[in-house]
Amino acid sequence: MEEQKELSGYNAFFFIGIAGAGMSALAIYLVQQGKKISGSDRNFDLKNPGDVQEKLMMLGIVCFLQDGSGINDDVDVVIASTAIEDTVPDVKAAKDQNIPLLKRSDLLAMISDTKKTIAIAGTSGKSTTAAMVFHILEYAGKEPGVITGAGLTSLIKKGELGNAKNGAGEWLVIEADESDGSVVKYHPEIGVLLNVDKDHQDIDELMDLFETFKKNTRNYFIVNRENVLSAKLSANAEFDFGKDSGTFANDYIQNGYLQSFTIDDVSFTLKMLGEHNMQNALAAVASCRLAGVALQTCAEALQTFEGIYRRHQVFGEKNRVILVDDYAHNPAKCAASIKACSSLAPKVIAWFQPHGYQPTRFLKDDFIKEIAAAVRSEDEIWMSEIYYAGGTAVKDISANDLVEGIKELGKNAFFVEDRNEVLEKIRPHFADKTVLLLMGARDPSLEMFAQDIWEKL
């Protein structure tokens with residue numbers, strides 16, 4: 001990959017895999033800055049464009065098939081994520097034409113260096129917290145920018161993808177991802193560490209990454225003091241959130257779809273599920289206080305926060321079944337998602353589609369332990385086969401291996417290889433009132449899967 005220049009050194013960007021959440025966010029942010037943007041994706045159909053492709057084209061982004069045809073003399077730099085292999089025709093074309101190749105994370109680092117950045121890190125909750133911070137800053141009139149991995153409902157309602165906005169103000173909110181190690185590339189004004197749980201790497205590797213992130217933070221570094229591992233990296237408890245810190249919650253109550261709590265005697269109300277979202281709100285409030293937003297303003301803003309796409313997205317209730325769709329995909333997230341639904345009904349039926357054979361193999365024991373601990377005796381966990389995104393993965397594990405492990409711990413677990421058969425097999429298991437929770441990530445068809453389940457309930 002090419003050594004990066006200043007952002008101003010490039011005008012025409014080509015994104016390989018532009019339909020992905022992280023790549024499209026950068027493309028949208030830059031096209032809103034007046035940059036010339038084009039890109040390709042293996043899922044593009046030039047004759048019958050899908051929703052993401054159409055929204056990108058509406059912004060003036062030129063879309064190509066992933067066959068090398070979009071790489072030409074007009075392109076200043078090509079952006080590729082770590083998931084893009086050298087065998088992809090676009091990569092070959094860029095190399096053949098000596099066009100610079102940059103990683104997505106390098107471009108995000110270049111962008112973040114042009115603003116006062118609040119970078120949200122941690123193994124869970126980054127997208128939600130980043131969206132909350134952006135929403136508070138925008139409510140406070142600071143005209144922030146945002147680059148995140150999931151669409152904000154408030155922006156989606158305007159017909160946008162919702163995962164990026166170029167703000168006129170001095171602040172930019174980004175996610176700092178640890179999964180590819182890129183968290184170490186950012187130098188934010190305010191660095192936030194939500195939590196540290198086993199995910200893509202072992203704990204020791206994660207702690208090293210977050211230690212570097214802490215060192216790279218220019219001004220304020222704040223952590224969740226209720227997470228044992230993140231608390232070890234605390235720089236100053238006064239700025240942290242959670243117990244024994246500068247921003248902590250009292251009187252937390254979950255009442256149906258609403259939760260309430262107080263911070264320094266100021267009342268907060270959130271239209272969200274789960275104590276983990278209260279923790280995300282604390283992180284957002286702690287960040288925004290450091291950015292000069294009054295606590296009362298934070299409370300007023302969060303009262304109007306509409307959430308983000310596929311993060312505990314409640315479709316509604318039909319035939320006494322409440323359907324919830326969630327991006328949960330690691331053990332801690334799956335467990336938190338299941339627990340969050342328990343306040344809505346006496347029975348939760350959770351369905352999970354793991355993604356990637358290597359991650360599932362790496363986290364197998366943790367999935368079994370965490371999910372088994374989260375489901376109550378009346379609850380159930382169902383799984384379909386691991387999502388395969390292509391490449392050279394070794395298929396030596398099945399989702400059924402997780403199911404069998406959970407069964408051995410005495411919990412109700414079921415395997416249905418083909419997810420299209422799931423609803424009919426689950427129907428006889430619905431109680432008088434049941435939450436049907438759908439969990440999974442990376443698979444772009446999960447949105448339509450949830451919509452299909454909703455229509456057939």
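1. Asp-396 has a relative accessible area of 48% and is therefore partly exposed, since the exposed class begins over 50%. In this predicted model, Asp-396 is the acidic partner in a salt bridge with Arg-361, where the closest N and O atoms lie 2.7 Å apart. The bridge connects distant parts of the chain, with Arg-361 in helix H12 (residues 357-362) and Asp-396 in the loop between strand S18 (380-383) and helix H14 (399-408), the two being 35 residues apart. Arg-361, at 33% relative accessibility, also counts as partly exposed.

2. A second salt bridge of this kind pairs Arg-310 with Asp-325, and here the closest N and O atoms are 2.8 Å apart. Distant parts of the chain are again linked, because Arg-310 sits in the loop between helix H10 (295-302) and strand S15 (313-318), while Asp-325 belongs to strand S16 (residues 321-326), with their positions 15 residues apart. Both Arg-310 and Asp-325 are buried.

3. Within helix H14, Lys-407 and Glu-404 are three residues apart, about one turn of the helix, and they form a salt bridge whose closest N and O atoms are 3.5 Å apart. Lys-407 counts as partly exposed at 41% relative accessibility, and Glu-404 is likewise partly exposed, with a relative accessible area of 35%. Elsewhere, Arg-376, Glu-378 and Asp-379 are joined into one network by salt bridges that share partners. The count of salt bridges comes to 19.

4. The nonpolar interior deserves a separate comment. The largest nonpolar core holds 47 residues, and those touching the most other members are Phe-13, Phe-15, Leu-30, Ile-37, Leu-107, Ile-111 and Ile-147. Among the elements that give two or more residues to this core are strand S1 (12-16), helix H1 (21-32), helix H4 (104-112), strand S6 (116-121), helix H7 and strand S11 (220-223). Helix H1 supplies the largest share, eight residues. In soluble globular proteins, nonpolar side chains tend to be buried together.

5. On the surface, Asp-202, Asp-204, Glu-205 and Asp-208 gather in a patch of negative charge. One of these, Asp-204, is placed in helix H7 (residues 203-216), and with 63% relative accessibility it counts as exposed, because that value is over 50%. Helix H7 is also among the elements that contribute two or more residues to the largest nonpolar core.

6. Two aspartates merit a check of their backbone geometry. Asp-244 has a phi near 60°, which is a positive value in a residue other than glycine; Asp-244 lies in the loop between helix H8 (228-231) and strand S12 (250-255), and at 69% relative accessibility it counts as exposed. Asp-264 has a phi near 50°, again a positive value in a residue other than glycine. The place of Asp-264 is the loop between strand S13 (258-263) and strand S14 (266-270), where, at 41% relative accessibility, Asp-264 counts as partly exposed.

7. Finally, Glu-160 is found in the loop between helix H6 (153-156) and strand S8 (164-165), and its relative accessibility of 29% makes it partly exposed. The C-alpha atoms of Glu-160 and Asp-251 are separated by 37 Å, and these two residues are 91 residues apart along the chain.

Key: Residues numbered from 1 in each chain as written. Predicted model: local features only at pLDDT ≥ 70, side-chain atom pairs only at ≥ 80, totals over all residues. Heavy atoms only, no water. Patch = residues over 30% accessible without salt bridge, like charges linked within 9 Å, V, L, I, M, F, W, Y side chains within 5 Å. Areas by Shrake-Rupley, 256 points an atom, 1.4 Å probe, with all protein chains shown as cover. Salt bridge = Lys/Arg side-chain N within 4 Å of Asp/Glu carboxyl O. Lys, Arg positive; Asp, Glu negative; His and termini not counted. Charge placed at Lys NZ, Arg CZ, Asp CG, Glu CD. Helix = DSSP H or I, 4+ residues; strand = E, 2+ residues; numbered from the N terminus. Buried < 20%, exposed > 50% of the residue type's maximum accessible area, 1.4 Å probe, protein only. Core = buried A, V, L, I, M, F, W, Y, C linked by side-chain atoms within 4.5 Å.
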